[in-house]
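Here's a quick walk through one protein model, from its overall build down to a few local quirks. Have the viewer open as you read.

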Amino acid sequence: MQRYNILWADDEIDLLKPHILFLENKGYDITPVNSGTDAVESCEENHFDVVFLDENMPGMSGLEALGQIKAMKPNMPVVMITKNEEEQIMEDAIGAKIADYLIKPLNPSQILLSVKKILDNKRLITEKTNMGYQQEFRNISMSFGDDLDHEEWADVYKKLIYWELEIDSTENKSMYEVLNMQKEEANNSFTKFIKENYESWLNDADAHKPMLSHQLMKQKVFNHIKKGERSVFFLVIDNLRYDQWKIIEPAVAEYFTIEEEDTYYSILPTTTAYARNSIFSGMLPSEMEKKYPDLWVGEDVDEGKNNNEDQFLASQIRRNNSDIKFSYSKIKQTAEGKQLVDNINNMLTNDLNVIVYNFVDMLSHARTDMAMIRELAPDESAYRSITKSWIEHSPLLEALRLIAESGSKLIVTTDHGTIRVKKPFKIVGDRNTNSNLRYKQGKNLGYDVKANIMEVPKPERLFLPKLNVSTSYVFATEDQFFAYPNNYNYYVNYYKDTFQHGGVSMEEMIIPIISLNSKYGK
């Protein structure tokens, strides 16, 4: 076991001999000194894992020594020890980034707890987390064999994300491989569940089904709008998976309390063109194509597929017999995010404000090389880290603060998630076949029919548009991605281990919808 070195500075150090012996018997090496000056000099000459500083020493005080030690070694953990319970002293010590604050008289257990919290924290968390996941592993795996419904699948996914985030916070992430294998097993079973149930969700009025994209605003947004009262902000952050929401949740929680955290299921394909347009129109894709042919942009057209969201939104509001005043904002780059911040006060006169934040576009700088993102985010942990950094430095966080200060209601969601693709799957299509890596739409698609994919020979049953009579859809499942045989190696090398969407997986389909109230309580 690793031995740690502790420096203990106190002008009455001889009186602390019993405490020092207690720590030494526990395996710690203690260097005692009796002044702040000696503490600073010792830190200059030697390495210590933690420093105990008495606050009230003659000559150089503990706070003065703390300042010099932190200036010299900013990452050195320092525990301030004092008889004085004055709030100002506590605040000064905390402001200097102490690791802990102990009040005399000390007892051995109190000291040992502080040391373990600082020095053994990562090891203890790792051991506890690994033990907890090992105990839960069997229960989660056994549930896959049950006949789960959509709510139970959402619960399984949340449990897996919980343990993924817990393991991610451990020191050596030793259980990560086991968890990834369990996620793969879960996605395999989830694929079977979607194959068996998705069509009935769309066609059977009596089916036990989840809330889907086209039902989202009616069930989760419009019910919060009361004309003439506080404004409701509906924030759609594209490609935001449930684990990414849990990572940015603390930043949002600075200004809001969570009223309800729920999930819903994205429609297929899990892409902006289908899922997000469905959110704003309140309709399924083939319904949009039929009712609004001037707004729907098909796969055979090169122009952007999500340029008419504001008009789809207006049509849904009209169909709900609402005369509310609303705004729609789409943020695709940082400059537009800053404009949003400047415009928040003007938006407060609206009953509903819809904000689409194209986080992924900004993450990838819209048109930059996919290889750069693969370097920055080679796995889920790194992808979450980028998400956390983005929210902390994005104008969006400032906008959320202003929304909270206004006392407005906030609803946060996304259109679909993403999955890191690893397994290439060969498919053949003609030049009119769409380019998405997780689903293909076209005629005479060629692929291994025995493979674990989701085939849709009758798109009308899933309310999907057909370019011609023989159009069919094929969805990649689990962590597959489609690759053409004539350019196979290029596709594999370029897209493997990138984050894609459009197919069938828990990550893409089970996504967060969060209702929040301002902490300012206006």
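## The overall build

How many helices and strands does the secondary structure of the protein come to? The tally is 20 helices and 18 strands. Keep in mind that this is a predicted model, so every value here is computed from predicted coordinates.

The protein has 522 residues, and buried ones make up 55% of them. Along its principal axes, the C-alpha trace spans about 90 × 55 × 45 Å. Take the contacts between residues at least 6 apart in sequence: 74% of these join residues at least 24 apart.

## The nonpolar core

Start with the largest nonpolar core, which holds 101 residues. Which residues have the most contacts inside it? They are I194, F234 and L352. Helix α8 supplies the largest share of this core, with nine residues.

Zoom in on I194 to see who its partners are. Leaving aside residues up to four places away in sequence, I194 touches W201, Y265, L268, M454, V504 and M509. One of these partners, L268, will turn up again at a cis peptide bond.

L352, also among the residues with the most contacts in that core, is touched by S327. S327 sits in strand β8, residues 326–331. Is S327 buried or exposed? S327 counts as buried because its relative accessibility is 15%, and the cut-off for buried is under 20%. Besides L352, S327 touches M347, N350, N353 and V354, again not counting residues up to four places away in sequence.

## Cavities

There's some enclosed empty space to look at too. Rolling a probe the size of a water molecule over the atoms shows where empty space is left. In this structure, there are three cavities of 30 Å³ or more.

The largest cavity has a volume of about 140 Å³. Its lining is made of N180, K183, E184, N187, E380, I419, R420, K422, K423, E478, D479 and E507. Two elements give two or more residues to that lining, namely α8 (176–203) and β11 (419–420). α8 gives the most, with four residues, so you meet this helix both here and in the nonpolar core. By class, the lining of the largest cavity has nine charged, two polar and one nonpolar residue.

What does the lining of the second largest cavity have by class? It has nine nonpolar residues, with no polar and no charged ones. This cavity has a volume of about 40 Å³, and the residues around it are F233, L235, L340, I355, L396, A399, L400, I403 and L410. β6 (232–237) and α18 (395–405) each supply at least two of them, and α18 gives the most, with four.

## Two helices that cross

Next, find helix α11 (residues 272–281) and helix α13 (residues 309–319). Their axes come within 7 Å and cross at roughly 35°.

On the α11 side, the contact uses T272, R276, N277, I279, F280 and S281. These meet E309, F312, L313, Q316 and R319 in α13. The residues of this contact are a mix by class: four nonpolar, four polar and three charged.

## Backbone quirks

Two prolines deserve a look. The peptide bond from K104 to P105 is cis, with omega near 0°, and P105 lies in the loop between β5 (100–103) and α5 (108–119). A cis peptide bond also joins L268 and P269, where omega is about -10°. P269 lies in the loop between β7 (256–265) and α11, the helix that crosses α13.

Two asparagines have positive phi values. N239 has a phi of about 60° although it is not a glycine, and N444 has a phi near 60°. Where is each one found? N239 is in the loop between β6 and α10 (242–252), while N444 is in the loop between β13 (439–442) and β14 (454–456).

Their surroundings are another matter. N239 counts as buried because its relative accessibility is 5%. N444 counts as exposed because its relative accessibility is 68%, and the cut-off for exposed is over 50%.

Key: Residues are numbered from 1 along each chain as its sequence is written. This is a predicted model: local features need pLDDT of at least 70, side-chain atom pairs count only at pLDDT 80 or more; totals for chains, interfaces and linings use all residues. Side-chain values use heavy atoms; hydrogens and water are left out. On a 1 Å grid over the protein atoms alone, a cavity is a set of points where a 1.4 Å probe fits but cannot get out, and a pocket is an open set with protein on both sides within 12 Å along at least five of seven lines; lining residues have an atom within 4 Å of a point. Grid points are joined across faces, edges and corners, and a volume is the space filled by probe spheres set on the points. Ala, Val, Leu, Ile, Met, Phe, Trp, Tyr, Cys and Pro count as nonpolar, Asp, Glu, Lys and Arg as charged, and the others, Gly among them, as polar. A nonpolar core is a set of buried Ala, Val, Leu, Ile, Met, Phe, Trp, Tyr and Cys residues joined through side-chain atoms within 4.5 Å. Buried means under 20% relative accessible area, exposed over 50%, partly exposed in between (1.4 Å probe, protein chains only). Contact means heavy atoms within 4.5 Å. Axes are lines fitted to C-alpha atoms, for helices over the stretch in contact, and angles run from 0 to 180 degrees between N-to-C directions.
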